[in-house]
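Here are some short exercises to work through with the structure open beside you. Try each task before you read its solution.

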Amino acid sequence: MIEKITDIFKSKEKTFSFEFFPPKTPKGVENLYKTIADLNELGPDFVSVTYGAGGSSRGATMDICSEIQKRHSVPVMHHFTCVGHSQKELLSIIGQMKERNIKNILALRGDTPQGIDDWKPAEDELEYCYQLNDLIRSTYGDFFSIGVAGFPEGHINCPDKATDSKYLKMKIDHGGEFVATQLFFDNSVYSEYLDRLNSVDVNVRVIPGILPITSYEGLIKFCNICGTSITEEIHDIFKPLSGDDDATREAGIDFAVKQCNDLLKRGAPGIHFFSLNKVEPTKEIWKRLGL
Ligand SMILES: Cc1cc2nc3c(=O)[nH]c(=O)nc-3n(C[C@H](O)[C@H](O)[C@H](O)COP(=O)(O)OP(=O)(O)OC[C@H]3O[C@@H](n4cnc5c(N)ncnc54)[C@H](O)[C@@H]3O)c2cc1C
């Protein structure tokens, strides 16, 4: 039976999960299923599939989620952004998730269209993630477990960290049940984030998102978009390796193992790995963590 993530929490103090994104070609999708089969042997508590991120097709997410659950019986969390969908469309998609036995949603606003500074939703659209949580809860009650995104350094468009915590609390008060974080490289940032959330009475699990670094240039590009700070330590390790894929992958594994061990010592309730649809780095990190 496919479980809700919040039910898994009842018996597991820590969860370990993998994130995938829908490839753009049918061959890519077949390769992804092979990757998932390989990583699923490790026994993740759940896996997740992104929605529309990086320009991937939105419709592919549900097909992939459904297929993973059918093939491997592992619970899947369907990322779901409300930006650009009418409420009618949102409800129709959520209804299809229910029909396909998908019980876990990572509810997101999504990024607003590029180059439009004063974006406002159309009349029948939603503006923020907490409104999507309301829509899911008011229509489907407790059928779904709802996770939300958290930003240990504050969301890139949020004026300050205190306001960011206030908005995170709204997402929880409106039905969010746990948090999956954006990537970060300085663990004290995670601990400070937990303190800020505790101070506004957010006491749900905050699962850190960990990226195994496989490319220095790619990392810089991605962090520029999402607002994650790249520490001096990261520059010092990875800049000299730039262009050497094998050495970068090895250093990325070493760094992630060190970061995860420290997070788990700090009491993190598990790890969500941004697997980037690759088997090797995540598998090796998993092994070295002794999971
Ligand atoms: C783990 C994780 C997975 C992700 N997966 C995807 C994915 O699959 N697809 C994808 O497209 N994107 C994904 N994202 C990125 C995410 O969609 C973007 O970061 C997006 O800009 C914010 O989404 P949100 O749900 O946090 O939005 P919200 O919580 O709605 O926040 C959006 C902005 O509005 C502000 N805000 C929130 N509430 C209020 C309020 N009440 N009043 C005024 N301002 C407010 C916030 O400070 C923020 O600046 C992911 C992010 C993370 C951390």
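**Exercise 1.** Find how strand β1 is joined to β2, and in which sense the two run.

*Solution.* This model is predicted, so treat each step as a reading of a computed structure. Start with β1, residues 15-20: four bridges join this strand to β2, and the two run parallel. For one of the links, look at Ser17, whose bridge partner in β2 is Phe46. Now follow the chain from β1 to β2. Together with helix α2 (residues 26-40), the two strands make a β-α-β unit, and this unit is right-handed.

**Exercise 2.** Work out how β2 pairs with strand β3.

*Solution.* Strand β3 covers residues 76-81, and three bridges pair β2 with β3 in the parallel sense. Val47 has Val76 as its bridge partner in β3. The connection passes through helix α3 (residues 58-72), and β2, α3 and β3 make a right-handed β-α-β unit.

**Exercise 3.** Sort the residues of strand β2 (residues 46-49) by the way they point, and decide whether they are buried or exposed.

*Solution.* First, recall a general pattern: side chains in a regular strand alternate between the two faces of the sheet. Next, check the strand itself. Phe46 and Ser48 point one way, while Val47 and Val49 point the other way. Finally, look at burial: all four of these residues in β2 are buried.

**Exercise 4.** Which residues touch the most other members of the largest nonpolar core?

*Solution.* This core holds 68 residues, and the ones touching the most other members are Val76, Ile105, Leu106 and Ala107. You have met Val76 already, as the bridge partner of Val47. Take Leu106 as a closer example: beyond its neighbours within four places in sequence, its contacts include Ser48, Met77 and Phe80. Ser48 is a residue of β2.

**Exercise 5.** Locate Phe184, and explain why Phe184 counts as buried.

*Solution.* Phe184 sits in the loop between β6 (178-183) and α7 (187-199). Count its C-beta neighbours inside 10 Å: there are 23, so Phe184 counts as buried. The cut-off for this is 20 or more. Leaving aside neighbours within four places in sequence, Phe184 has contacts that include Pro152, Tyr190 and Thr228. Ile230 is 46 residues away in sequence, yet its C-alpha is 8.0 Å from that of Phe184.

**Exercise 6.** Compare the radius of gyration of the protein chain with that of a compact globule.

*Solution.* For 291 residues, a compact globule would have a radius near 19 Å. The protein chain has 18 Å, which agrees.

Methods. Residues numbered from 1 in each chain as written. Predicted model: local features only at pLDDT ≥ 70, side-chain atom pairs only at ≥ 80, totals over all residues. Core = buried A, V, L, I, M, F, W, Y, C linked by C-beta atoms within 7 Å. Buried ≥ 20, exposed ≤ 12 C-beta atoms within 10 Å, placed from the backbone. Contact = placed C-beta atoms within 7 Å. Pairing = 2+ DSSP bridges. Right-handed = clockwise from strand over helix to strand, strands pointing away. Rg over C-alpha atoms; globule rule 2.2 N^0.38 Å.
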